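Reader: Hi! I have a model open on my screen and would like to go through it with you. Could you start with how far to trust it?

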Amino acid sequence: MAVSLAVALVITACSGQASGGTGSGTVKGTPEPGFFCKDACATALKVDADPASIKGKVGLSLNSTAFSYGVAMRNEAEDQVKKYFPGIDLTVTDGQGNAAKQSNDVDNLVARGIKVLLISPYQADALVPAIKRAEAAGVKVVTVDRGANTDVTSYIAPNDFENGKVVAEYLAKQMNGKGKIVEITGTPGASPTIARHDGFMKGLSAYPDIKVIASQNGDYLRAPALTAMENLLQRYPAGSFQAVYAQADDMASGVVQALQEANRLKGTFVVSINGQQVGLDLVKKGDLTATAVYATVAREGILAAAKLLAGEKIPKHVWLTSTLVTSANVSDVSGKTW
C-alpha cells in the first residue's frame, strides 16, 4: 500500500489504457495483500500455486483515474504484477467517470482474451450488462472497491457500511449526542455512496437528538465538494449545524477550505472516510476530526485473479478491516494507506 509505486505499464493518453507483457518481471518473495487485509481476508487470498507458474490475461477496469484512489489502484496493480506474477498479462483501462466508456472498455478487454476481469464499476446498475456479457464469454468477474447489482465470482472491498457506521458513532460521542449535521456525498448511484450513507445513518440511529439536515453531491472530488460546502454555508448561517460528514477525504479537504474561508471551521466537527494521506494530514493538523480507512484493493484484486488463473477458489465476499483514525492513532496509520 505504498504511497509511491513504480508504474510498470505504458499509459496511452487518448484511450486511458495501460498494458503489460508476460514474462518481463521477476518473482521476489511471496505475494501478500495490503496492510488492512488481515485474518480471514489474508487467508482467503493466499496463493497456493507458484506465482511464476501462473499465466493468463487479466483486465482491470477502473471507473476513473480522476480520483486519487483510481491512480493508486492502477499503480498498485501494475506493481504487484511486475514484482510477483511475470506470467500475468495485465491491461488497465480508465472509464473516465463515464458508464458508457467503462462498458466499452469491458467489451474491449473481453475481445483481448482476458480470463479474469477485475472491475470497479462507476455505478452499481449501469455496468451490469457489460459484466454479464463478460461472464457469458467465460470470463470470471471480480468486483473490487465498488460493487455491482449482479452476481459475480467475488467482491473484494473495505466495508463501506461499517466505515460509515464507526465514523457516525465516534462523531455522535464528540457531539455529546445532540446537534445537526450536513453531508457531502460521492457519485450518485455508486455502491460506496449508498453504503457510506446507510452506514452513517445506522450509526446515528441510537442518537435521536442528532439530525442530518442537508445533503449535497461532491462526486468524490475536492473542487465539487468545495462548491457544495460553500452553497451550504450560504443556506445555513453560523450555528445552524455543528458537523459535516464528507464521504471521502478528498472532499473533506474542500469542506475544510470552505469552512476556513468562511471563518467557521473552529467549532465545527468534520469527519470523513478513506484514510488517505490527505485526510491523515488533516487529522494531524486538527482540521479533520476523524476518518475511517478505505484501503486500496488492487493488491488483493491481483491475488484473486492469480488464484482464479491457477484454478483456486476464492470466497464470494472478501472484506478488509475497518479502522477509525483520530489524533490518537494517526501516527500509527500514516504511510500505510495511499
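Author: Happy to. One term to begin with: pLDDT is the predictor's confidence in each residue, on a scale from 0 to 100. In this model the protein chain averages a pLDDT of 92, and 92% of the residues score at least 70. Over residues 1-25, though, the pLDDT is below 50; this stretch has 68 contacts in the model beyond near neighbours in sequence, a contact being heavy atoms within 4.5 Å.

Reader: Any ground rules for reading the rest?

Author: This is a predicted model, where local features need pLDDT of at least 70 and side-chain atom pairs count only at pLDDT 80 or more, while totals for chains, interfaces and linings use all residues. Residues are numbered from 1 along each chain as its sequence is written, and side-chain values use heavy atoms, with hydrogens and water left out.

Reader: Great. Which cavities turn up in the whole structure, and how many?

Author: The search finds two cavities of 30 Å³ or more. The grid has a 1 Å spacing over the protein atoms alone; a cavity is a set of points where a 1.4 Å probe fits but cannot get out, whereas a pocket is an open set with protein on both sides within 12 Å along at least five of seven lines, and lining residues have an atom within 4 Å of a point. Points are joined across faces, edges and corners, and a volume is the space filled by probe spheres set on them.

Reader: What lines the largest cavity?

Author: It has 20 lining residues, with Phe67, Tyr69, Asp145, Arg146 and Tyr220 nearest its centre. H2 and H6 are the elements that give two or more residues to that lining; helices (H or I, at least four residues) and strands (E, at least two) are DSSP runs numbered from the N terminus. H2 has the largest share, four residues. The space inside is about 200 Å³.

Reader: And how does that lining divide by residue type?

Author: Into nine nonpolar, seven polar and four charged residues. Here Ala, Val, Leu, Ile, Met, Phe, Trp, Tyr, Cys and Pro count as nonpolar, Asp, Glu, Lys and Arg as charged, and the others, Gly among them, as polar.

Reader: What about the second largest cavity, which residues are around that one?

Author: Leu60, Met73, Ala77, Leu118, Val144, Val297, Ala298, Gly301 and Ile302 line it. Two elements, H2 and helix H10 (298-309), give two or more residues there, and H10 gives the most, with three. The lining has eight nonpolar residues, one polar and no charged. About 30 Å³ of space lies in this cavity.

Reader: H2 keeps coming up. What does that helix look like?

Author: Helix H2 covers residues 68-84, 17 in number, and reaches 24 Å from its first C-alpha to its last, close to the expected 24 Å. That expected span is 1.5 Å times one less than the number of residues. H2 is mostly covered, with 13 of its 17 residues buried; buried means under 20% relative accessible area, exposed over 50%, and partly exposed in between (1.4 Å probe, protein chains only).

Reader: Now the open space. What lines the largest pocket?

Author: There are 19 lining residues, and Gly147, Ala148, Asn149, Tyr155 and Ser191 lie nearest the centre of the pocket. Strand E7 (154-158), helix H6 (191-204) and strand E13 (317-320) each supply at least two residues. The lining divides into eight nonpolar, eight polar and three charged, and the pocket volume is about 290 Å³.

Reader: Switching topic: is Ile184 buried or exposed?

Author: Ile184 counts as buried because its relative accessibility is 0%. It is found in strand E8 (residues 179-185). Leaving out residues up to four places away in sequence, Ile184 touches several residues, including Gln216, Ala225, Met229, Leu232, Tyr245 and Val255.

Reader: And Gly267, buried or exposed?

Author: Gly267 counts as exposed because its relative accessibility is 67%. Its place is in the loop between helix H8 (249-261) and strand E11 (269-274). The C-alpha atoms of Gly267 and Gly239 are separated by 9.4 Å, with their positions 28 residues apart along the chain.

Reader: Last one: which residues of H9 are buried?

Author: In helix H9 (residues 277-285), they are Gln277, Gly279, Leu280, Leu282 and Val283. Their cover includes H8, strand E12 (290-293), strand E14 (324-325) and helix H11 (330-333). Just after H9, Gly286 takes a positive phi of about 90 degrees.
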